[in-house]
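Here are some remarks on the structure you asked me to look over, set out as numbered points. They deal with aromatic pairs, the nonpolar core, strand pairing and one helix residue.

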Amino acid sequence: MIDHVTATVRDFEAAKRFYTQALAPLGYSLRMEFPDSAGFGAGEGIPDFWISSNPARGAAHVAFTAPDRAAVDAFHEAALTAGGTDNGAPGVRAHYHETYYAAFVHDADGNNIEAVTHRPE
């Protein structure tokens with residue numbers, strides 16, 4: 001049910017070095033990198049543990065796997081109705097990959113909660 005988790009870090013380069021070394025015995029390696037975030041994963045596929053120095057991502061970031069795009073849309077609507085704050089309307093995030101469809105909300109404590117599907121429409 002959890003697709004990926006992001007830890008917010010103060011010193012991005014130091015954290016990247018730390019996690020590269022600390023996670024290696026678990027079979028994890030640095031798999032993707034953006035200017036303010038880096039993704040680690042084991043084996044093939046999409047990284048499931050990320051670090052980020054971007055405070056807009058919130059105190060913590062948890063992405064829940066959605067079965068399809070309709071569920072992502074429904075999550076976003078339900079989260080806003082429940083009192084969440086929009087942090088990214090449902091849509092394709094092609095900078096991650098061409099079928100990455102997600103929506104983001106901040107909860108009352110500033111955590112960035114995401115629903116994502118990797119399936120095509």
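1. Rings of Phe, Tyr and Trp (for Trp, its six-membered ring) are taken to pair if their centres lie within 6.5 Å. By that criterion the structure, which is a predicted model, holds seven aromatic pairs. One of them is formed by F34 and W50, whose rings are 6.1 Å apart from centre to centre with 25° between the planes, and this pair is classed as stacked. It counts as stacked because planes under 30 degrees apart fall into that class.

2. The position of this pair in the chain deserves a remark. F34 belongs to strand β2 (residues 28-34) and W50 to strand β4, so the pair ties together parts that are 16 residues apart in sequence. As to exposure, F34 has a relative accessible area of 22% and is therefore partly exposed, whereas W50, at 10%, is buried; the boundary for buried is under 20%.

3. Aromatic rings also come together in a cluster, in which ring pairs link F18, Y19, F40 and F49.

4. Which residues make up the largest nonpolar core? There are eight in all, namely V9, F12, A15, L23, A38, F40, F49 and I51. At least two residues of this core are supplied by each of α1 (12-23), β3 (37-42) and β4 (49-52), and the largest share, three residues, comes from α1. In soluble globular proteins, nonpolar side chains tend to be buried together. Within the core, F40 and F49 are also members of the ring cluster described above. V9, leaving aside neighbours within four places in sequence, is in contact with A15, I51, S52 and S53.

5. The strand pairing around β5 (residues 60-65) involves partners of both orientations: β5 is joined by five bridges to strand β1 (residues 2-8), with the two running antiparallel, and by five bridges to strand β8 (residues 112-117), with the two running parallel. In the pairing with β1, the bridge partner of V5 is V62 in β5, while in the pairing with β8, H61 stands opposite N112.

6. Finally, L80 can be placed in helix α2 (residues 69-81). Is L80 buried, exposed or partly exposed? Its relative accessibility is 32%, so L80 counts as partly exposed. Not counting residues up to four places away in sequence, L80 touches T85, D86 and V105. The C-alpha atom of L80 is separated by 26 Å from that of E98, which lies 18 residues away along the chain.

How values were computed. Residues numbered from 1 in each chain as written. Predicted model: local features only at pLDDT ≥ 70, side-chain atom pairs only at ≥ 80, totals over all residues. Heavy atoms only, no water. Helix = DSSP H or I, 4+ residues; strand = E, 2+ residues; numbered from the N terminus. Buried < 20%, exposed > 50% of the residue type's maximum accessible area, 1.4 Å probe, protein only. Contact = heavy atoms within 4.5 Å. Core = buried A, V, L, I, M, F, W, Y, C linked by side-chain atoms within 4.5 Å. Phe/Tyr/Trp six-rings, centres within 6.5 Å; stacked < 30°, edge-to-face > 60°. Pairing = 2+ DSSP bridges.
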